[in-house]
Amino acid sequence: MKKINLPIWTMIVPVAGIGLYFFTGADTSIYLKLILAMLLIGSVIASVHHAEVIAHRVGEPFGTIILAIAITTIEVGLIVSLMLAGGDGVKELARDTVFAAVMIIITAIVGICLLKGGIKFKEQLYKLQGVNAALVTLMAIVVLTLILPNYTTSGPKGEYSTSQLIFVSVVSVVLYGGFIFMQTVRHRDFFLPKNSVSEDDHAEAPNNATAISSLVFLILSLIIVVLLAKYLSKDIEKIVIDLGAPKSVVGVIIAAIVLLPEGLAAYNAVKADRLQTSLNLALGSALASIGLTIPAVAIVSIITQMPLVLGIDTGSTVMLLLAMVTVMFSLATGKTNIQQGIVLLVIFASYLFYTVVP
């Protein structure tokens with residue numbers, strides 16, 4: 001049997017999280033909740049490692065797609081479980097979380113990566129064709145799902161009627177499916193680094209035993225992240241309310257937890273001067289986050305007859321369009337520098353500030 005080359009902690013943490021989860025209850029002590037919170041973060045980091053191992057084994061761009069879909073699975077599972085659990089603000093939860101995910105990805109994750117790359121390497125190169133295709137697709141999905149619902153007249157403001165919800169769900173899947181076809185079949189070379197045929201030329205790929213083990217522990221890590229995030233969400237919501245912040249902050253926190261693996265993986269890639277992988281991860285995750293999450297929650301909304309508010313308010317629309325225009329101009333030349341990262345991070349800081357202080 002080939003040796004399984006994985007850090008022991010990446011296997012222990014998710015198993016320990018699943019084990020302790022069965023001891024939770026309504027009267028769980030604060031100390032156990034703190035331990036569970038640490039295991040949640042540890043499982044997120046472990047999932048990054050396992051996803052990177054699998055990505056390295058299968059090669060680009062399939063590896064980044066695996067991670068993007070894995071992260072989206074967490075997001076969908078968490079949102080749907082909270083929707084079915086009911087409670088205040090459920091009908092806006094999907095909107096708040098998806099909007100937060102898109103803003104975190106295109107301003108915070110991309111901004112940090114461009115800043116780090118600019119500091120360490122001055123300028124970094126990437127292929128325009130792949131990035132442009134991702135951004136054009138993302139802009140279309142963003143407008144159709146988060147902005148247009150405010151201007152339709154078939155239902156309450158910010159909500160699609162059932163037929164409109166079905167239509168926009170199909171459109172989202174078509175757009176995302178078209179992008180995946182382009183990324184994996186038609187124009188796969190657009191998503192490989194410049195002057196290379198493979199993103200993994202720099203290191204030997206892990207063996208099959210290691211890759212299969214990582215797949216198993218990745219699934220375990222994702223399961224425990226969903227379970228623990230759902231279990232701790234009430235405590236997170238209570239903290240937000242006690243601080244006097246708007247409930248939309250809960251969506252920001254959920255999105256931040258879900259996107260932590262993606263952010264760490266993108267940051268690690270850019271540190272190794274692999275900006276193409278970093279952008280593939282970030283933009284692919286943004287597309288998966290909105291292109292797959294909206295159809296999933298739409299199905300739940302239609303089946304359960306639960307209202308689903310998708311339209312964001314005017315202030316959020318301004319921030320979203322500013323972020324989209326800025327990232328499109330920042331990634332329009334094939335080269336990146338430190339200033340582009342600074343601008344995106346300032347927009348992210350503004351988004352956070354006006355979310356807490358509307």
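**A friendly note on a predicted model**

1. A good place to start is the surface, where Trp9, Ile41, Ile45, Leu260 and Leu264 make up a nonpolar patch with about 400 Å² of accessible area together. Members of such a patch have over 30% relative accessible area and no salt bridge, with nonpolar side chains joined within 5 Å; areas come from the Shrake-Rupley method with a 1.4 Å probe, and a salt bridge is a side-chain nitrogen of Lys or Arg within 4 Å of a carboxyl oxygen of Asp or Glu.

2. Before going on, please note that this is a predicted model, in which local features need pLDDT of at least 70, side-chain atom pairs count only at pLDDT 80 or more, and totals for chains, interfaces and linings use all residues. Residues are numbered from 1 along each chain, and side-chain values use heavy atoms, without hydrogens and water.

3. Helix 2 (30-58) and helix 8 each give the patch at least two residues. Leucine 260 sits in helix 8 and is partly exposed, at a relative accessible area of 31% (between 20% and 50%; under 20% is buried).

4. Helix 8 (248-271) also supplies at least two lining residues of the second largest pocket, as do helix 4 (90-121), helix 10 (314-330) and helix 11 (338-356). By class, that lining has eight nonpolar, four polar and three charged residues.

5. Tyrosine 231 belongs to helix 7 (residues 208-242) and is buried, with a relative accessible area of 18%. Its C-alpha atom lies 29 Å from that of threonine 107, 124 residues away along the chain.

Key:
Helix = DSSP H or I, 4+ residues; strand = E, 2+ residues; numbered from the N terminus. Nonpolar A, V, L, I, M, F, W, Y, C, P; charged D, E, K, R; others polar. Patch = residues over 30% accessible without salt bridge, like charges linked within 9 Å, V, L, I, M, F, W, Y side chains within 5 Å. Buried < 20%, exposed > 50% of the residue type's maximum accessible area, 1.4 Å probe, protein only.
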